Amino acid sequence: GAKGKLMLFVPSASPPTALLLLLHGCTQNPLDFARGTRMNDWAERGGFAVLYPEQSAQANPKLCWNWFSKEHQQAGSGEPASLLELTRKSMAELGCTRVFVAGLSAGACMAALLAHHVPSFFSGVGLHSGVPLGAASSTVGALLAMRGLSGWGKNQSWSAPTLVFHGDKDNVVSVKNGQRLTEQACLGRNLIRRQDSVNEGGRTCRRVRYGDDVEFWTVQGLGHAWSG
């Protein structure tokens with residue numbers, strides 16, 4: 001894993017304030033993910049760098065991160081180890097001390113795994129259309145988990161502030177998974193729940209905030225795609 005091409009965006013204001021590790025979904029590559037998320041524009045405005053690792057077709061024919069495979073579910077082996085090594089190397093080269101992780105779909109699953117296994121490393125986590133930790137350990141398990149039909153790790157969590165996004169019309173990964181990821185993010189935190197409706201970029205979202213550390217945005221009318 002993470003043996004494909006690597007893309008790094010560095011803002012013109014130097015040095016960058018932080019690094020964002022951004023993990024694409026299945027069938028995607030760094031270039032179309034950068035275009036689809038417009039993350040380089042945001043990074044230029046915010047003064048942060050973005051690291052886009054690419055999954056190789058040898059590792060997964062559909063270019064998915066192998067979050068559902070036991071050999072890729074620990075920080076010290078497989079894809080998590082490769083991704084952490086790439087991230088640390090980029091941080092050293094850029095002189096960044098803060099790093100965030102975010103991903104879409106399979107990328108969100110891998111982002112949650114990384115946040116769980118290296119808890120003090122990431123300053124924040126963004127999970128878009130993902131599946132909770134502990135929901136799958138095989139390809140068949142992954143398909144069931146995506147539909148919201150599997151068990152999941154009710155005692156697995158991470159400590160970094162977290163944003164969860166999910167479309168309420170997602171027919172690839174059930175929106176139930178967004179709720180479960182949010183529950184995992186809230187584990188061990190004594191958080192007051194507040195709910196409101198937000199109109200962002202022409203989309204209506206239900207936003208549920210838990211303290212100042214966790215937010216779950218359900219994007220109305222959105223399928224399995226980056227909400228923008």
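## Strand 2 and its neighbours

Leu20 stands opposite Val50, a residue of strand 3. In this predicted model, strand 2 (residues 19–23) and strand 3 (residues 49–53) run parallel and are joined by 3 bridges. Strand 2 also pairs with strand 4 (residues 99–104), again in the parallel sense, over 5 bridges, and within that pairing Leu21 stands opposite Val101.

How many of the residues of strand 2 are buried? The count is 5 of its 5 residues, and the strand is accordingly described as mostly covered. Both of its faces are covered, with Leu19, Leu21 and Leu23 buried on one side and Leu20 and Leu22 buried on the other.

## The chain as a whole

The protein chain has 6 helices and 9 strands, and its C-alpha atoms fill a box of roughly 40 × 35 × 30 Å when the box is taken along the principal axes. A compact globule with 228 residues would have a radius of gyration near 17 Å, and the 16 Å computed for the protein chain agrees with that expectation.

Of the 228 residues, 53% count as buried, while the surface that the protein chain exposes comes to about 10,500 Å², with carbon and sulfur atoms supplying 52% of it. Among contacts between residues at least 6 apart in sequence, 68% join residues at least 24 apart.

## Aromatic pairs

A pair of aromatic rings is described by the distance of the centres and the angle of the planes. In this model the count comes to 4 aromatic pairs. One of them is formed by Phe33 and Trp226, whose ring centres are 5.8 Å apart and whose planes stand at 85°, so the pair is edge-to-face, given that angles over 60 degrees are classed in this way. Because Phe33 lies in helix 1 (residues 30–37) and Trp226 in the segment after strand 9 (214–219), the pair ties together parts that are 193 residues apart in sequence. As for exposure, Phe33 is buried at a relative accessible area of 2%, whereas Trp226, at 23%, counts as partly exposed.

Another aromatic pair, that of Phe165 and Trp217, is tilted, with 5.5 Å from centre to centre and 35° between the planes. This pair links distant parts of the chain, since Phe165 belongs to strand 6 (residues 162–167) and Trp217 to strand 9, 52 residues apart. Trp217 is buried, its relative accessible area being 9%.

## Charges over rings

Two arginines can be described by the position of their charged ends relative to aromatic rings. The charged end of Arg45 sits over the ring of Trp42, at 4.5 Å from the ring centre, and the charged end of Arg88 sits over the ring of Phe121, at 4.8 Å from the ring centre.

## Positive phi outside glycine

Where in the chain does Arg38 lie? Arg38 is found in the loop between helix 1 and helix 2 (39–46), and although it is not a glycine, it has a positive phi of about 55°. With a relative accessible area of 45%, Arg38 is partly exposed.

Ser105, also a residue other than glycine, has a positive phi near 55°, and its place is in the loop between strand 4 and helix 4 (106–117). Is Ser105 buried or exposed? Its relative accessible area is 11%, so Ser105 is buried, the cut-off for that class being under 20%.

Key. Residues numbered from 1 in each chain as written. Predicted model: local features only at pLDDT ≥ 70, side-chain atom pairs only at ≥ 80, totals over all residues. Heavy atoms only, no water. Phe/Tyr/Trp six-rings, centres within 6.5 Å; stacked < 30°, edge-to-face > 60°. Helix = DSSP H or I, 4+ residues; strand = E, 2+ residues; numbered from the N terminus. Buried < 20%, exposed > 50% of the residue type's maximum accessible area, 1.4 Å probe, protein only. Lys NZ or Arg CZ within 6 Å of the ring centre and 35° of its normal. Pairing = 2+ DSSP bridges. Rg over C-alpha atoms; globule rule 2.2 N^0.38 Å. Contact = heavy atoms within 4.5 Å. Areas by Shrake-Rupley, 256 points an atom, 1.4 Å probe, with all protein chains shown as cover.
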